[in-house]
Amino acid sequence: MLPGAVDQQEMIPSKKNAVLVDGVVLNGPTTDAKAGEKFVEEACRLIMEEVVLKATDVNEKVCEWRPPEQLKQLLDLEMRDSGEPPHRLLELCRDVIRYSVKTNHPRFFNQLYAGLDYYSLVARFMTEALNPSVYTYEVSPVFLLVEEAVLKKMIEFIGWKEGDGIFNPGGSVSNMYAMNLARYKYCPDIKEKGLSGSPRLILFTSAECHYSMKKAASFLGIGTENVCFVETDGRGKMIPEELEKQVWQARKEGAAPFLVCATSGTTVLGAFDPLDEIADICERHNLWLHVDDLLKKCYCAKASYLFQQDKFYDVSYDTGDKSIQCSRRPDAFKFWMTWKALGTSGLEERVNRALALSRYLVDEIKKREGFKLLLEPEYANICFWYIPPSLREMEEGPEFWAKLNLVAPAIKERMMKKGSLMLGYQPHRGKVNFFRQVVISPQVSREDMDFLLDEIDLLGKDM
């Protein structure tokens, strides 16, 4: 036998007399492994048939709308004292799929997470089965190396020679990280001494920024009144001259400017702030521009039960102290698997196709009666109004805009109840309700763009 090898016979548990503690038999597992394995196999088959295959079919509904009280009656939500048999659980799984929104449907345009990527789906199945937590190399060796590889490649694409980072659950948490890192850079003592002795900190962001900036300011104790929203131009881009005016004004009032949060692709309009000009202002005023690599210094808590410094391997791979979380999901693995499958050129083709489809839709909107662009899009966000026949001859005054404001919500209700399409709408900075379409899904085709406009016209032509 090789040194360090384990004798298989030693691993086979020997039969022993039953051991009881407080009336509980401790010998052997209590889980019925055979029944569990069979349930997993049948559930995977159901997922394949009803989600992966059926839910991506344009002939199927995007959603099976039911109001909350009715849906409560249709779903067996009650938890009982005794467990339920596998066949009943599979019925519940089928109901969950049926009444859930099919975000992987080619005609789901409601949010910014549409579409199905087969490779990342498999990666997610694997991580759910393995149930890792990405904080130390000893418990998550593969996924830490995967995250490192993805971050290194992304840093190269940006053009940096070095950098640091971690994958977060989403943009809202990432913005909070940025704000806290900037504050740590400006006032490192806050980490240990708290806010009591700190100056009045002020941060600046676009008037078109994501709402998570205000939430982060509230959560971190900076205060929402200390978030200065810089005016944007007609296309939704931050105006650099207005930023510098506000920085000077804050200093004049005795406040301490510490952060500028710029945006590359605003949520609604898809606008890109002029980063070079903003960076110049930040350099002149020594302000943080949402980028740096102080993660570990800012967040480390040196938990001795996880981050021992005398381990037998390179502890620089124990990245958990860079995060505000302890347990962290290996989200980089999904992206890595897709990147491996498609290659950089394949990802580039997806982006190019999405932008081309966006341009096609814009051209179609311009051709069709009853459709009007809010503005020429800069990115994949297309914002437009549908003007029903009854309003097409009306002058664009207060009455016109008041009536048009009611159109998008009414059409949204009809499309949801029909299940044919899901598309978001909103008012925005003085503009009445309009539709916002963003091409995200790789399953979307030119036919889906045509269907989008045809269906809106069909649902709204009697208004």
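**Exercise 1. Describe how domain 1 and domain 2 meet.**

Begin with polar contacts: 10 residue pairs across the interface of domain 1 and domain 2 make one, both residues at pLDDT 80 or more. Here a polar contact is a pair of N or O atoms within 3.5 Å; within protein, one must be able to donate a hydrogen and the other to accept it, and residues adjacent in sequence count only if both atoms are side-chain atoms. This is a predicted model: local features need pLDDT of at least 70, side-chain atom pairs count only at pLDDT 80 or more, and totals for chains, interfaces and linings use all residues. Residues are numbered from 1 along each chain as its sequence is written, and side-chain values use heavy atoms, leaving out hydrogens and water.

Next, look for salt bridges (a side-chain nitrogen of Lys or Arg within 4 Å of a carboxyl oxygen of Asp or Glu). There are three between domain 1 and domain 2. Glu 208 and Arg 429 form a salt bridge through their side chains, at 3.5 Å from N to O.

**Exercise 2. Find the edges of the open sheet.**

Let's write down the strand order: β3-β9-β10-β8-β7, five strands with mixed pairing. Strands are DSSP runs (E, at least two residues), numbered from the N terminus, and two of them pair if DSSP finds at least two bridges between them.

Now read off the ends: β3 (108-109) and β7 (371-373) each have a single partner strand, so one side of each lacks a neighbour in the sheet.

Finally, check a pair inside the order: β8 (residues 381-386) runs antiparallel to β10 (residues 431-438), with four bridges. Ile 382 has Gln 437 in β10 as its bridge partner.
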